[in-house]
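The following exercises concern the domains, the nonpolar core and an annotated site of one chain. Please work through each task before reading its solution.

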Amino acid sequence: MAELKYLCGFGNEFSSEDPRCPGSLPEGQNNPQACPYGLYAEQLSGSAFTCPRPANKRSWLYRILPSVKHQPFIPAACGDLTEKWDQVEPDPNHNMRWRPFAIPQSTEKIVDFVAGLHTICGAGDAKSRSGIGIHVYTCNTSMMNKCFNNSDGDFLIVPQQGELLITTEFGKLMVEPNEICVIQVHFLACVCIARTLFGPNLERLNCLHATGSTLRANGLANPRDFLCPVAWYENREVSAGYTVINKYQGKLFACQQDFSPFNVVAWHGNYTPYKYNLNNFMVINCVAFDHADPSIFTVLTAKSTRPGVAIADFVIFPPRWGVADHTFRPPYYHRNCMSEFMGLIKGHYEAKEEGFQPGGASLHSIMTPHGPDTECFEKNSVADLKPERVAEGTMAFMFESSFSMAVTKWGLETCQKLDKSYYQCWEHLRSHFNPNWKPPKH
Ligand SMILES: O=C(O)Cc1cc(O)ccc1O
Ligand SMILES: [Fe+2]
């Protein structure tokens with residue numbers, strides 16, 4: 001497949017025409033009486049009309065047929081996708097760790113993107129438009145004559161294994177591990193497996209959906225590194241039926257139409273899907289002493305209505321230099337007023353060299369004490385503090401949320417990946433207390 005082209009910038013006013021139809025974008029107005037090439041004009045808004053201008057998000061799509069032409073939606077099987085946060089009793093032992101989630105073999109079961117979504121934890125409510133859902137996604141096949149949209153929130157997709165070709169109404173995105181992509185609320189997406197890194201047709205990812213707020217880029221993620229697709233259309237009748245699956249108020253619904261919805265010939269606007277390569281993040285770190293809190297690693301944030309408090313921050317722990325003097329350099333022990341869901345794309349996480357594995361995850365719920373494991377503490381309390389590379393070959397990430405999240409039955413039981421021995425990584429922490437301690441002489 002030819003290299004895909006992208007437009008670069010974050011939240012820019014973009015415009016794009018499929019080169020097969022030059023002049024398909026109306027000039028000087030959005031709603032001509034008759035659009036070029038006989039297209040329909042359709043607006044997709046990401047902010048209320050009344051929002052102040054800098055917060056306004058909307059795009060205009062010029063398409064062969066409008067989205068409204070479809071059969072009614074009917075309930076569809078939700079599998080392990082849920083917004084029921086009371087499936088299991090609350091449990092304050094919410095320092096949890098999961099071994100790498102299993103990817104079904106295609107010889108056993110065919111699983112596409114939608115069928116492969118499993119909700120692991122979350123909180124809040126799509127109806128009041130304030131909430132978060134964290135899903136683990138494993139699949140072994142492409143979506144065929146089928147696409148998906150999430151009416152409940154923006155989808156942030158973090159591939160861990162295998163490349164994805166995501167067709168959207170704005171065009172195509174190729175997303176590989178160490179890249180992320182954002183498919184906003186209401187955008188249609190067809191997720192295909194493009195190429196796999198380990199064995200045939202196996203994909204594993206984490207998805208975050210944040211309800212009620214648009215994801216914004218943080219200052220250290222340069223706007224020009226965000227890539228958005230260019231217009232691409234297909235004029236394809238599907239007499240057997242094209243299925244649109246809609247996640248709406250926490251449940252899945254499906255409808256049929258007799259044409260491909262990827263029929264947008266031209267578009268313009270500032271509300272588009274995008275991808276971002278995590279290697280482009282301009283990492284900063286402490287250059288004097290002490291461990292800086294991980295807000296310095298925030299790539300994207302979905303703001304809540306409370307100033308400075310996020311529904312969810314997307315944070316990464318990329319390779320960097322550690323140079324802090326007279327400092328315990330790894331993460332400190334802490335009790336956080338935010339929930340921390342972490343995943344490992346590749347490598348080893350500095351606070352837990354073992355146990356936390358690529359393709360696995362951890363959850364440290366609100367105020368649950370956690371920090372470096374015993375080995376990490378002992379080693380780094382006496383380490384020679386030369387400048388050194390930290391997290392070489394590693395990419396860990398965190399969804400940090402102000403919500404106190406519930407774990408689902410799938411996360412607790414069905415997935416069978418919960419590491420029940422996780423608490424033991426702190427069990428051997430011993431007291432170093434010495435009441436006769438004297439400050440060292442210099
Ligand atoms: O718990 C963790 O491993 C994540 C984390 C990392 C860090 O550097 C500081 C605080 C924090 O919660
Ligand atoms: Fe933490």
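A nonpolar core is a set of buried Ala, Val, Leu, Ile, Met, Phe, Trp, Tyr and Cys residues joined through C-beta atoms within 7 Å. The model treated here is predicted.

**Exercise 1.** Determine how the chain is divided into domains, and describe the side of domain 1 that touches domain 2.

*Solution.*
1. The division gives domain 1 (6–86 + 104–278) and domain 2 (282–425).
2. Their C-alpha centres are 29 Å apart.
3. Domain 1 contributes 34 residues to the contact, and domain 2 contributes 35 residues.
4. On the side of domain 1, the elements giving two or more residues include strand E8 (130–139) and strand E10 (154–161). Strand E7 gives the most, with seven residues.
5. By class, this side of domain 1 comprises 16 nonpolar, 14 polar and four charged residues.

**Exercise 2.** Locate the largest nonpolar core relative to the two domains.

*Solution.*
1. This core holds 98 residues; among those with the most contacts inside it are Leu156, Val264, Phe314 and Phe397.
2. Strand E23 (residues 310–317) is its largest contributor, with seven residues.
3. Domain 1 and domain 2 both supply residues to the core, so it lies between them.

**Exercise 3.** Is His291 buried, exposed or partly exposed, and which residues does His291 touch?

*Solution.*
1. The UniProt record, an unreviewed entry, places the feature "active site" at His291.
2. His291 belongs to the loop between strand E21 (274–277) and strand E22 (298–303).
3. His291 counts as partly exposed because it has 15 C-beta neighbours inside 10 Å.
4. Leaving aside residues up to four places away in sequence, His291 touches Cys286, Thr327, Arg329, Pro331 and Tyr332.

Definitions and conventions: Residues are numbered from 1 along each chain as its sequence is written. Chains are lettered from A and ligands numbered from 1 in the order in which they are written. This is a predicted model: local features need pLDDT of at least 70, side-chain atom pairs count only at pLDDT 80 or more; totals for chains, interfaces and linings use all residues. UniProt positions are given in the numbering used here, feature names are shortened, and annotations may be inferred rather than shown by experiment. Helices (H or I, at least four residues) and strands (E, at least two) are DSSP runs, numbered from the N terminus. A residue is buried if 20 or more other C-beta atoms lie within 10 Å of its own, exposed if 12 or fewer, and partly exposed in between; C-beta atoms are placed from the backbone. Two residues are in contact if their C-beta atoms, placed from the backbone, lie within 7 Å. Domain bounds come from an automatic or database domain assignment. Ala, Val, Leu, Ile, Met, Phe, Trp, Tyr, Cys and Pro count as nonpolar, Asp, Glu, Lys and Arg as charged, and the others, Gly among them, as polar.
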